[in-house]
Amino acid sequence: RGRRGSMRLVSEPAIRLMMENQIGNLVIERQSAVNSSVAMAFPPGAGHDKFGFGSQIETPPSEAGMRSPGSVSWGGIFNTNFWIDPQIGIAAVVLMQTLPYADAKCSELLRGFERLVYQELP
């Protein structure tokens, strides 16, 4: 049990393993949308990022002023997105309820939010 009666469900070594490259030399490839009213082509980082257990791993070079290499992220079909930046020690969630997934305006909002978060860090 942890603080205030909470119980650890996943060990720290398991979390680290989830955030490590699980696809070797492969890279995430761009996924085309079958129906553009549901999803646009995704994900950002296609062509160079890696994948762990359940999340995309940011690989160098990272865009200046954005999440660090080693950060993990993923998004859900209605533009629900998260990222965890273990190097900086932050996590963020941006929840939208709109289609299509990876719509240009939703992607702009997510990346703009990310830029603002990193600009405000000391």
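## Serine 55 and its surroundings

Leaving aside neighbours within four places in sequence, serine 55 is in contact with Met18, Lys50, Val72, Ser73, Trp74 and Phe82. The model in which these contacts occur is a predicted one. Serine 55 belongs to the loop that lies between β1 (50-51) and β2 (56-57). Its relative accessibility is 6%, and because buried means under 20% relative accessible area, serine 55 counts as buried.

## Asparagine 79

A second loop residue, asparagine 79, is placed between β3 and β4. Asparagine 79 is buried, its relative accessible area being 2%. When residues up to four places away in sequence are not counted, asparagine 79 touches Val94, Leu95, Met96, Thr98, Leu99, Pro100, Tyr101, Ala102, Asp103 and Cys106.

One of these residues is also reached by a polar contact: the side chain of asparagine 79 lies 3.0 Å from the backbone oxygen of proline 100. Asparagine 79 and alanine 104 are separated by 25 residues in sequence, and the distance between their C-alpha atoms is 11 Å.

## The hairpin of β4 and β5

Strand β4 (residues 80-85) and strand β5 run antiparallel and are joined by 6 bridges. Within this pairing, isoleucine 84 stands opposite alanine 91 of β5. The hairpin has 4 residues between the two strands, and glycine 89 takes a positive phi near 90° there.

In a regular strand, side chains alternate between the two faces of the sheet. Strand β5 (residues 90-95) shows such an alternation. Ile90, Ala92 and Val94 point to one face and are buried. Ala91, Val93 and Leu95 point to the other face and are not buried. Alanine 91, the residue opposite isoleucine 84, is thus placed on the face of β5 whose side chains are not buried.

## The largest pocket

The largest pocket holds about 400 Å³ of space. It is lined by 24 residues, and those closest to its centre are Pro43, Pro44, Asn81, Tyr101 and Leu110. Tyr101 is also among the residues that asparagine 79 touches.

Several elements take part in the lining: β3 (72-76), β4 and α2 (104-119) each supply at least two residues. The most comes from α2, which gives 4 residues to the lining. By residue class, the lining consists of 12 nonpolar, 7 polar and 5 charged residues.

Notes:
Residues are numbered from 1 along each chain as its sequence is written. This is a predicted model: local features need pLDDT of at least 70, side-chain atom pairs count only at pLDDT 80 or more; totals for chains, interfaces and linings use all residues. Side-chain values use heavy atoms; hydrogens and water are left out. Buried means under 20% relative accessible area, exposed over 50%, partly exposed in between (1.4 Å probe, protein chains only). Two strands pair if DSSP finds at least two bridges between them. On a 1 Å grid over the protein atoms alone, a cavity is a set of points where a 1.4 Å probe fits but cannot get out, and a pocket is an open set with protein on both sides within 12 Å along at least five of seven lines; lining residues have an atom within 4 Å of a point. Grid points are joined across faces, edges and corners, and a volume is the space filled by probe spheres set on the points. Ala, Val, Leu, Ile, Met, Phe, Trp, Tyr, Cys and Pro count as nonpolar, Asp, Glu, Lys and Arg as charged, and the others, Gly among them, as polar. Contact means heavy atoms within 4.5 Å. A polar contact is a pair of N or O atoms within 3.5 Å; within protein, one must be able to donate a hydrogen and the other to accept it, and residues adjacent in sequence count only if both atoms are side-chain atoms.
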